[in-house]
2 protein chains.
Amino acid sequence: MTGHFKFNVEASDGAARACVLFTPHGELETPAFMPVGTRATVKTLSPRDLEEADAGIILANAYHLYFRPGADIIAAGGLHRFMAWNRPILTDSGGFQVFSLGDTARITGEGVSFKSLYDGSDHFFSPESATRLQEDLGADIIMCFDECVPAGADRSYLEQSVRRTADWAGRCLAAHSRGDQLLMGIVQGGVDLDLRRESVQRTRELDFGGYAIGGLSVGEERPRMLQTMEFTAGLLPEDRPRYFMGLGDPAGIIDAIAAGIDMFDCVLPTREARNGRAYTSGGRLNLRNAAFANDGGPLDPGCDCYACRTFSRAYLRHLVTQKEILGLHLLSLHNVTFLVDLARQARAAIIGGSFENFRKNFSTTGFGSV
Amino acid sequence: MTGHFKFNVEASDGAARACVLFTPHGELETPAFMPVGTRATVKTLSPRDLEEADAGIILANAYHLYFRPGADIIAAGGLHRFMAWNRPILTDSGGFQVFSLGDTARITGEGVSFKSLYDGSDHFFSPESATRLQEDLGADIIMCFDECVPAGADRSYLEQSVRRTADWAGRCLAAHSRGDQLLMGIVQGGVDLDLRRESVQRTRELDFGGYAIGGLSVGEERPRMLQTMEFTAGLLPEDRPRYFMGLGDPAGIIDAIAAGIDMFDCVLPTREARNGRAYTSGGRLNLRNAAFANDGGPLDPGCDCYACRTFSRAYLRHLVTQKEILGLHLLSLHNVTFLVDLARQARAAIIGGSFENFRKNFSTTGFGSV
């Protein structure tokens, strides 16, 4: 970790922890939910909406920005200026997208050949080029270029990917030169605990400023995902931030925090919103349900977001059933607010030494399972 | 005009005038552009966005709200509470939609039979039922149920529709009982000036609180539309608000103001936004144009809206080409702000006695024609 960053564990309660990560764009309190702004926009939300939801950090995606609008467009002023967001940003390296979108990835020589999701043209990413791309984008936290393996891959493939990911991680580290960016290593290994241990060991040897757990939430069974997450988190160094990639349902967030994860991201809150679903203190609601047609009450009586303090469920249902964009916007704003708040409440509970109690209460709200 | 309303002409400059309409939901300064919230939402914009754009009044549509969500849902708290908008609202009666959507209208007995655009079911609107519907919705300004004739109708049909509209206007007036609503009569007659004169005369005889010019902007040639508008506006009483229905391009607004129109509405600014087009002080821009890909400047240097003071054209173009909802939202916010401002600037010019000069300057901005 360079001098531009500092990471303090402020309190812990069991494995759960409350930390602060100091970045060039301010302090990030964790645990923190990171809304996903794939194409440099968190769907339907403006930066001021995200500030209102009090998101401490957002994520963007190097793969998509490489194609549209192109790194050269963004590099001039950086991603913060491009999307008018002045708090921390994390970019994903593109590894996940290269391997999961379109099924065209071929590992050749020093990197991966693949076809663009946008126009089918041929492209090549290497650990060096993915690092350089993320340096051009200029996020505060950037990720190693890794090989993400689908659920159900056989052991020899998994083993190979763990070693390749570690090899690539070393190359990313060597290629990375911007001191104002924190580069995170990524642990792979599927749900094989031995491979996870090996992956942690190989990645830790390189001494990253932070560690991510990748390759989960990709189709494996949830109990094994949770078990692997907990096992892996326990092997990571105490004094570095830990990021679990691609988890964002309310119950999953609480499980991740309990396992000692500091950061997590997911497209779920905005995707659920676009399907008319809202997270509330009473569980998940589908606004399309006719029961809400005449419901004059707020979406979530326990929430203070603009949508909840301004509109009735009846109005929100009207917007959702009529496919009005305002409905998508309001539910997105609410869902993001809900998850950011949830992580923040967990943080307060950890500091107060009552996280287990908080977790038990949460499990009665209708989010016990997904 | 009942005691809940008052209309003052504050200044005039040629035929153009600056007025104030006092309503149960506050004062409306005119000339005023009215953003259209067909289904109780101005597309992509929240009430606070509309307040920020400083829209003085918005429009909603009785036809659409009758079907979705249904007047019973809205009647409980009224449209203002339903959509959380505390400034004046105007509802259209549904006449235009009944006759123009789906081509199923049949004039029978006391009103019109038609099939729902939503599910094809049979429905019947009469002057009485359309008035009652608008009383249930509870807007500040409501419209008579009229027969709107497409451009190119023959004279005998036009003549018949003028008389039927006047007959129906009398029935709307008789059926209307809410003192806190201003009912406007509608003048028809296509582009036939004699029929327009007859329609004005028949409608004025009934003594409405305000007068609308309907049946234009429906496909006729623009010079004839403008000529008919000017001719008709000149026949309307000085001491009542005048509303030109369905006009909202920048040049049209200035022409309408010059003709002595006080209010106008159009879906154009939000529809143009959804097609990637923005009104600016330099004319209309298509954000899809590749020329903006690397343009770090604001959308409109002359505008102070959130979109213009926060983002570059390059970012807005990125959002628009990627079909990101935030792009639709930001362009809608800007376009509505632009038209509301335009009417407000015209008002200031009228008060300052410099409207002709203002109009001349405007014609050089690239909006001389559409």
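Let us begin in chain B of this predicted model, at the loop between helix 8 (193–205) and strand 12 (210–213), where B:D207 has its place. The phi angle of B:D207 is near 60 degrees, a positive value in a residue other than glycine. Most residues other than glycine have a negative phi. Is B:D207 buried or exposed? B:D207 counts as exposed, because it has 11 C-beta neighbours inside 10 Å, and a residue with 12 or fewer falls in that class.

Chain A offers another example of a positive phi: A:D54, again not a glycine, has a value near 65 degrees. You will find A:D54 in the loop between helix 1 (47–52) and strand 5 (58–61) of chain A. With 13 C-beta neighbours inside 10 Å, A:D54 counts as partly exposed.

Now look at the peptide bonds. Most peptide bonds are trans. The bond joining A:T30 and A:P31, however, is cis, with omega about 0 degrees. A:P31 sits in the loop between strand 3 and strand 4 (32–37) of chain A. In chain B, the bond from B:T30 to B:P31 is cis too, with omega near 0 degrees.

Strand 3 takes us to a sheet. In chain A, three strands form an open sheet in the order 1-2-3, with antiparallel pairing. Strand 1 (6–13) and strand 3 (26–30) stand at the edges with a single partner strand each, so one side of each has no neighbour in the sheet. From one strand to the next, the twist averages 15 degrees. Seven bridges join strand 1 to strand 2 (residues 16–23) of chain A, and A:N8 has A:V20 in strand 2 as its bridge partner.

What about the nonpolar interior? Nonpolar side chains tend to be buried together in soluble globular proteins. Here the largest nonpolar core has 244 residues, and A:M184 and B:M184 have the most contacts inside it. Beyond its close neighbours in sequence, A:M184 is in contact with residues including A:I141, A:F208 and A:Y243.

Finally, step back to see how the two chains fit together. A turn of 180 degrees and a shift of 0.0 Å along the axis lay chain B on chain A with an RMSD of 0.0 Å. That is the relation of a two-fold axis. In chain B, the C-alpha nearest the axis belongs to B:I325, 3.9 Å from it. How many residues does each chain bring to the contact? Chain B gives 30 residues and chain A gives 30 residues. Helix 4 (78–83), helix 13 (313–321) and helix 14 (325–351) of chain B each supply at least two residues of its side. That side of chain B divides into 16 nonpolar, ten polar and four charged residues.

Technical notes:
Residues numbered from 1 in each chain as written. Chains lettered and ligands numbered in written order. Predicted model: local features only at pLDDT ≥ 70, side-chain atom pairs only at ≥ 80, totals over all residues. Core = buried A, V, L, I, M, F, W, Y, C linked by C-beta atoms within 7 Å. Buried ≥ 20, exposed ≤ 12 C-beta atoms within 10 Å, placed from the backbone. Contact = placed C-beta atoms within 7 Å. Pairing = 2+ DSSP bridges. Helix = DSSP H or I, 4+ residues; strand = E, 2+ residues; numbered from the N terminus. Axes fitted to C-alpha atoms, helices over the stretch in contact; angles between N-to-C directions. Least-squares fit on C-alpha atoms with pLDDT ≥ 70 in both. Nonpolar A, V, L, I, M, F, W, Y, C, P; charged D, E, K, R; others polar. Lists of a residue's contacts leave out its neighbours within four places in sequence.
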